[in-house]
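User: Could you take a close look at one loop in this model for me? I'd like to hear what sits on either side of that loop, and how those pieces fit into the rest of the fold.

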Amino acid sequence: MPSIGRTTMWKLLKEIGFKYEKREGRPIYYMDETWVVVITGASSGLGEALAHEFYKQGCQIVLCARRRQELERVRADMLHSDCAVQTHPPIIMPLDLSDINSLPGHVNKIISITGQIDILVNNGGISHRGTVLSTSIDVDVQIMQVNYFGSAALTKGGQIVLISSIQGLVALPERSAYSASKHALQAFGDSLRAEVASDNIFVTVVSPGYIKTELSLNALTSSGSIYGQMDSSTESGYSPDIVAEKIVRAVVEKKKEIIICTILPKLAIFLRKYIPSLYFFVMVRRAKQSSLK
């Protein structure tokens, strides 16, 4: 391949997020063991993995989610895990992100217990399966309430981590409510980052691709019922532990944003930005194929 060809190809690969890195063993983090880390959606999946990842670095963890029983399970698992550093017993704080008016009270309660919040990880959320025309507006409101307004209500201090999605960058058919909520979270994070920079507060927006969690199982259909199916793309997604490790590193390094996905979603982001007509064509084909199922 001529030199110009290699150069052009390398620029293209870097543009869509390709990078080569040699990894030996697990990464080393340099974290303050006095940090108080609050994590929503900590009862399963990525939130649970993040709790373990921060916990083994010695941080004080506050586990937040609706299901107290699952939070108790996560807490027990953490207490029985092997850690190389001194740890603090995790704190459980049951809360419902859809109950917006109650969230400031939960924040005040956490601060009364821990004295501070150093890192807030807004991870809790629900997904969606249904077309725009068939989806009840109540479903749109519920998903926006949990995924966007819940995070906005909690975001009042500390280093902020917003768990968005690739679908907050490129929308997919039959994911309108979920994609819209994640687009909103992206914009919220960008505005917030600029506003709090002078106060030395850092905002990290995380856009992961498919992760092997229960997200699709718990997704809402157009009528508001539970989808209850494990999508093949979710089934073959990243391990939550791998994603959690990358997120914690990004937090420690105070990165403004991080995209965690395979090459295909990165290509979609590139097409949406630079060749939108091709992206639109691909999405129309995807929607037609989905409607035939």
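Analyst: Asn200 sits in the loop that links helix 6 to strand 7. Keep in mind that this is a predicted model. The backbone at Asn200 has a phi near 60 degrees, which is positive even though the residue isn't glycine. Most residues other than glycine have a negative phi. As for the surface, Asn200 has a relative accessible area of 57%, over the 50% cut-off, so Asn200 counts as exposed.

There's a second case to set beside it. Lys254 also isn't glycine and has a positive phi, near 55 degrees. Lys254 lies in the loop between helix 8 (240-252) and strand 9. With a relative accessible area of 33%, Lys254 is partly exposed.

Now for the sheet. Seven strands form an open sheet in the order 3-2-1-4-6-7-9, paired in parallel. Strand 3 (91-94) and strand 9 (257-260) are at the edges with a single partner strand each, so one side of each has no neighbour in the sheet. From one strand to the next, the twist averages 15 degrees. Elsewhere in the sheet, strand 1 (residues 36-40) runs parallel to strand 4 (residues 119-122), and three bridges join them. In that pair, Val37 is opposite Ile119 of strand 4.

Back to the helix that leads into your loop. Helix 6 (residues 176-196) packs on the sheet, where it touches strand 6 (159-163) and strand 7 (203-208). The direction of helix 6 makes about 160 degrees with that of strand 7. Since angles over 145 degrees count as roughly antiparallel, helix 6 and strand 7 are roughly antiparallel.

Helix 6 has a helical partner as well. Helix 5 (residues 137-154) packs against helix 6 at an angle of about 20 degrees, their axes 9 Å apart, and the two are therefore roughly parallel to each other. Their crossing is right-handed. On the helix 5 side, the contact includes Asp140, Ile143, Met144 and Tyr148; helix 6 contributes residues including Ala177, Tyr178, Leu185 and Phe188.

Zooming out, the protein has 10 helices and nine strands. Of its 293 residues, 44% are buried. Among contacts between residues at least 6 apart in sequence, 71% join residues at least 24 apart. The protein exposes about 15,400 Å², with carbon and sulfur atoms supplying 56% of that.

Note on methods: Residues numbered from 1 in each chain as written. Predicted model: local features only at pLDDT ≥ 70, side-chain atom pairs only at ≥ 80, totals over all residues. Heavy atoms only, no water. Pairing = 2+ DSSP bridges. Helix = DSSP H or I, 4+ residues; strand = E, 2+ residues; numbered from the N terminus. Axes fitted to C-alpha atoms, helices over the stretch in contact; angles between N-to-C directions. Contact = heavy atoms within 4.5 Å. Buried < 20%, exposed > 50% of the residue type's maximum accessible area, 1.4 Å probe, protein only. Areas by Shrake-Rupley, 256 points an atom, 1.4 Å probe, with all protein chains shown as cover. Parallel < 35°, antiparallel > 145°, perpendicular 65-115°, else oblique. Left-handed = near helix turned anticlockwise from the far one by under 90°.
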